[in-house]
Amino acid sequence: LCRPAAQRVDVRVVEETGSTNADLMAALPGLTGPRLLIARHQRAGRGRAGRPWQSRPGQSLTFSLAWKFERGLQALVGLPLAVGVTLAETLALFGAEVRLKWPNDLLLEGRKAAGILIESAAAGPGSWAVIGIGINLALDEETVAGLDRPVASLAPLAAIDQNLLMAALLSALAEMLEEFAQQGLAPFAARWNRLHAYAGQPVAILENGRALHEGIGVGVDEVGRFLIDTGAGRVAVMAGDVSLRPK
Ligand code: ATP
């Protein structure tokens, strides 16, 4: 099999910033290749739909990776799932066993422990993806109490050298991105389903707080749609601004 030559990633570390995703989105016009931006402290991290992502210096790992694709934006559908698989499999090597919640969360015992936010931009016939990742290493009680839902920290990761962790994540992500660019989500869908947090369990897909679909969570298909068995048949849901919840 012919593998593409590994791309050189320009790695930057800043002490503090608002949002690593916002910084990389703004930097895209000047980029010629992939760039990784790690912030020791991110003051105004974001989730989907502008929701806030909380992090604390020394208690969180926050970084974004900008990656150029030869194909257009449509080819990026499914990328959050491939990123989730890569993160979960890599974190497991360090003793943090997480499960995946469609489309973009990593859970420890049902509580959110890490999040993924992918933003994108067209670039001629191709596209850029900016992959933002926030991982809770050891959030203090005050931060946890200030959040609107139960969250978790990945304690085994807090105990290891952060450079080691970051290097492992970057090399796993770069390898995944080269494979995703060639083959899309197909090689990752079955791996995602093995890590699915709600496999075979009752779930609901919510839109603006209202249940759009209810049924048994089956998993994802090869393009990243979430499949629900409603009893009357299977429904395939696209990731838009909809949310998955256990019932
Ligand atoms: P969905 O369930 O649809 O994915 P979400 O509510 O999980 O939606 P995201 O955009 O993925 O939304 O993430 C933002 C949300 O994550 C915030 O509204 C907050 O509830 C939660 N959150 C913020 N910071 C953290 C954190 N450090 N750890 C865990 N959860 C957090």
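Me: Which residues are closest to the ligand, and how many surround it?

Reply: This is a predicted model. In it, 17 residues surround the ligand. The closest are Gly47, Arg48, Arg51, Val151 and Ser243. Two elements, β4 (52-53) and β8, each give two or more residues to this shell.

Me: What is the make-up of the shell around the ligand by class?

Reply: Seven residues of the shell are polar, six are charged and four are nonpolar.

Me: How far can I read the coordinates? What is the average pLDDT of the protein?

Reply: Start with the general idea. Low pLDDT is a warning not to read the predicted coordinates in detail. Here the protein averages a pLDDT of 95. A score of at least 70 is reached by 98% of the residues. For the model, ipTM is 0.95 and pTM is 0.96.

Me: Now the sheet. In what order do the strands run?

Reply: The order is β1-β2-β5-β9-β8-β7-β6. That makes seven strands in an open sheet with mixed pairing. From one strand to the next, the twist averages 20°.

Me: Which strands stand at the edges?

Reply: β1 (10-17) and β6 (99-101) do. Each has a single partner strand, so one side of each lacks a neighbour in the sheet.

Me: Take β6. How many bridges join it to β7, and do the two run parallel or antiparallel?

Reply: Three bridges join β6 to β7 (residues 105-108), and the two strands run antiparallel. One residue to find on screen is leucine 100, whose bridge partner in β7 is leucine 106.

Me: Which strands does helix α2 touch?

Reply: α2 packs on the sheet and touches β6, β7, β8 and β9. Its direction makes about 135° with that of β8.

Me: And where does helix α1 lie?

Reply: α1 (residues 20-27) lies across β1, β2 (35-42), β5 (60-69), β8 (111-123) and β9 (126-136). It runs at about 145° to β2.

Me: How do I describe two packed helices?

Reply: Give the angle between their axes and the distance between the axes. Now the case here. Helix α2 (residues 79-93) and helix α5 (residues 162-183) have axes that come within 10 Å and cross at roughly 145°. The crossing of α2 and α5 is right-handed.

Me: Which residues make the contact between α2 and α5?

Reply: From α2, they are Leu79, Ala82, Thr86, Thr90 and Leu93. From α5, they are Ala168, Leu169, Ala172, Leu173, Met176 and Phe180. By class, nine residues of this contact are nonpolar, two are polar and none is charged.

Methods:
Residues are numbered from 1 along each chain as its sequence is written. This is a predicted model: local features need pLDDT of at least 70, side-chain atom pairs count only at pLDDT 80 or more; totals for chains, interfaces and linings use all residues. Axes are lines fitted to C-alpha atoms, for helices over the stretch in contact, and angles run from 0 to 180 degrees between N-to-C directions. Helices (H or I, at least four residues) and strands (E, at least two) are DSSP runs, numbered from the N terminus. A crossing is left-handed if the near helix is turned anticlockwise from the far one by less than a right angle, and right-handed if clockwise. Two residues are in contact if their C-beta atoms, placed from the backbone, lie within 7 Å. Ala, Val, Leu, Ile, Met, Phe, Trp, Tyr, Cys and Pro count as nonpolar, Asp, Glu, Lys and Arg as charged, and the others, Gly among them, as polar. Two strands pair if DSSP finds at least two bridges between them. pLDDT is the predictor's confidence in each residue, from 0 to 100. A residue is near a molecule or strand if its C-beta atom, placed from the backbone, lies within 6 Å of it.
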